[in-house]
Every structure is written in structure tokens, then in C-alpha cells.
Amino acid sequence: MLSRSSFTSLVVGVFAVYVAHTCWVMYGIVYTRPCPAAADGAAGGCVWPYLARRPKLQLSVYTTTRSSIGAESNIDLVLNVEDFDIESKFERTVNVSVPKKTRNNGTLYAFVFLHHAGILPWHDGKQVHIVSPLTTYMVPKPEEINLLTGESATQQIEAEKQTNALDEPVSHWRSRLTLNVMVEDFVFDGSSLPADVHRYMKMVQLGKTVHYLPILFIDQLSNRVKDLMVINRSTTELPLTVSYDKISLGKLRFWIHMQDAVYSLQQFGFSEKDADEVKGIFVDTNLYFLALTFFVAAFHV
């Protein structure tokens, strides 16, 4: 039989291996192996960044009640940034018209296009776009009701009706849209593209080389419950704050994994409010401090 000290050493050893394995997995998420042929200037097997050509880009944000669009009909342009600089962060607030369908508990989508300046997105073969809903369904936060002593029975009935109505989810407005573009001139290995980034990549053949177009990303973790607004049937316009900042490849991959994790929680029955608490761990906390807390807790245990 193992002695107590031997058993303790075994448990500590297993836990140390677990911590080391977790660190290795996290390292694999944020680190991407570049194409080995790129160091020699060879094009074979490598996927090159289109942004390295320094194209003149334009950012356009449209809204529509449809989840897919094929042309410029039935869409509204809400933001147009000419001479878009991928290195410069910005934040702008615009007023968005709310269609009748959306006011009746319908969905409104934002289509974000990154395309060549001076060309409409659907006329540009090298445009990239991403879609995100601007509405979500949630049970509204109940308002405080002060029932004074001596209220009539009618007032109490009306208060009960209002409370019961709050139990039904209604359409809420996402007042923030956070955009990112991966700005690193990173050369990917075509034979081992990371699956997480690959689904955001659009590639084109230019001569003898394959290029990936700018990687456009919407930060869903920044959509917090505190920014949601109830959409009333009388509402015709709502504010939308569009913010942009560049993002590194390592953080992009980490953020994709975190968003997938939150989405999985929602599929398992987590409400919008429950998922918001998980989002707060990553959005409201410095990532380096979060990593330090993990390591300190691991070694403490």
C-alpha cells in the first residue's frame, strides 16, 4: 500500500501535469505557427495577408430585417467610414430607424462590410462582411411598484397584470456594436490553418499566391445586459454606438474560443443574464490579471 506521503506526492504530481497541460492548451490557442516557407520568400503552401498590400478600404454598416442580403434593396445605410484606417480606433453613435416588423418583436440585423473605397460592397469581389443581430429576446427588468396603503382593488389588479406581463420575453435593442480587424501581417501555413480563425477567413488567388482578405470580427462579449433597451411599439429610432479597435491574432483566437464557450452555455439553457455574468469575467477583468489569478490559485491548491 502507498503511504500517505506517497499518495500526496502522486496527487500533487497529477495536478501539476494537469496545470501544465492546461497551460500548453492555452498557449496553443494564442500562438499560431507561421508558414515555414515564408522565411525563404517562397509562396508554395503559404496564405499571405491581403492587408500587406495596403489597400484603400471603406467600412459600411447596414441594417435589415433579413438575415441574408443579395443586393442593395430593403437595407438602410447607418454608418459609412471612408478612408478607413485599420490602425485607428474610433467610436461613433448613430440613430437607427426601427422598422415596424422589429417593433412587433421582430429581429433587426447589422451587416458590416469592409470593402475597397469608392465601390459598393456588392460590386466588390474582395469585400468581406459579417452579420450580427441588433436585437435579442429577454424578460424585461421589472419596474419598482409602490402600492400605497388604501389602494383600490382596481389598482391592485392593474399592478398584478403588469407584473405577469413582465414574465414574457420581449425584444431588446443592443445599443453597442464592437468591431475588430486582425491587423498583423501574419503568413499562415495553408496545410494547418487554425479552425477557429479559418471560419472567419475569405481567401483569393492573386497570381501564383493565395491571400486571405481582412479578418473582420464582431466582439459579442461586449454586448452586455446593461446596454440593452426595451423596444416599444412606439419607438421609431434607437441609438447605436459603433466602436472599432484593431486586434492581434493571439487575442482574436482567444476571444473566438471564449465567445464559443458563452454560446454553448446559452444552448444549454443559460439565460442572457446568466451569460452576461460569464462575459463580465473576461470583459471587466484584465486578461493578464486573470491569467495571474489562475496560476496563483493553481499553485496555492
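**Close-up views of a predicted model**

**View 1. Strands β11 and β12, side by side.** In β12, Val210 is the bridge partner of Gln205. Welcome to this predicted model; this pair of residues is a good place to start. Strand β11 and strand β12, the latter made of residues 209-212, pair in the antiparallel sense, and 4 bridges link them.

**View 2. The open sheet around β11 and β12.** Stepping back a little, we meet an open sheet of 4 strands, which run in the order β10-β1-β12-β11 with mixed pairing. Which strands stand at the edges? They are β10 (188-189) and β11 (203-206); each has a single partner strand, so one side of each is left without a neighbour in the sheet.

**View 3. Asp189 in the edge strand β10.** Here we look at Asp189, a residue of strand β10. Is Asp189 buried or exposed? With a relative accessible area of 8%, Asp189 is buried, because the cut-off for that word is under 20%. Two partners reach its side chain: the side chain of Arg33 through a polar contact of 3.1 Å, and the side chain of Ser191 through a polar contact of 2.9 Å. Leaving aside residues up to four places away in sequence, Asp189 touches Arg33, Cys35, Pro36 and Gly45. Arg33 therefore appears twice in this view, once as a polar partner and once in the list of residues touching Asp189, while the burial of Asp189 is given by its 8%.

**View 4. Strand β9 and its two partners.** Now for strand β9, residues 176-182. How many of its 7 residues are buried? The count is 6, so β9 is largely enclosed by the rest of the structure. Strand β15 (residues 237-247) pairs with β9 in the parallel sense over 7 bridges, and in this pairing Leu177 stands opposite Val242 of β15. Strand β13 (residues 216-218) also pairs with β9, here in the antiparallel sense over 3 bridges. Look for Asn180, whose bridge partner in β13 is Phe217.

**View 5. A cavity and its lining.** Our last stop is a space inside the model. The count comes to 1 cavity of 30 Å³ or more, and the volume of the largest cavity is about 40 Å³. Which residues line the largest cavity? They are Arg174, Ser175, Arg176, Ser222, Asn223, Arg224, Asp227 and Leu228. Sorted by class, this lining has 4 charged, 3 polar and 1 nonpolar residues.

Note on methods. Residues numbered from 1 in each chain as written. Predicted model: local features only at pLDDT ≥ 70, side-chain atom pairs only at ≥ 80, totals over all residues. Heavy atoms only, no water. Buried < 20%, exposed > 50% of the residue type's maximum accessible area, 1.4 Å probe, protein only. Helix = DSSP H or I, 4+ residues; strand = E, 2+ residues; numbered from the N terminus. Pairing = 2+ DSSP bridges. 1 Å grid on protein atoms, 1.4 Å probe; cavity = no way out; pocket = protein on both sides within 12 Å on 5 of 7 lines; lining within 4 Å. Points joined across faces, edges and corners; volume = space filled by probe spheres on them. Nonpolar A, V, L, I, M, F, W, Y, C, P; charged D, E, K, R; others polar. Polar contact = N/O pair within 3.5 Å; in protein donor to acceptor, adjacent residues only side chain to side chain. Contact = heavy atoms within 4.5 Å.
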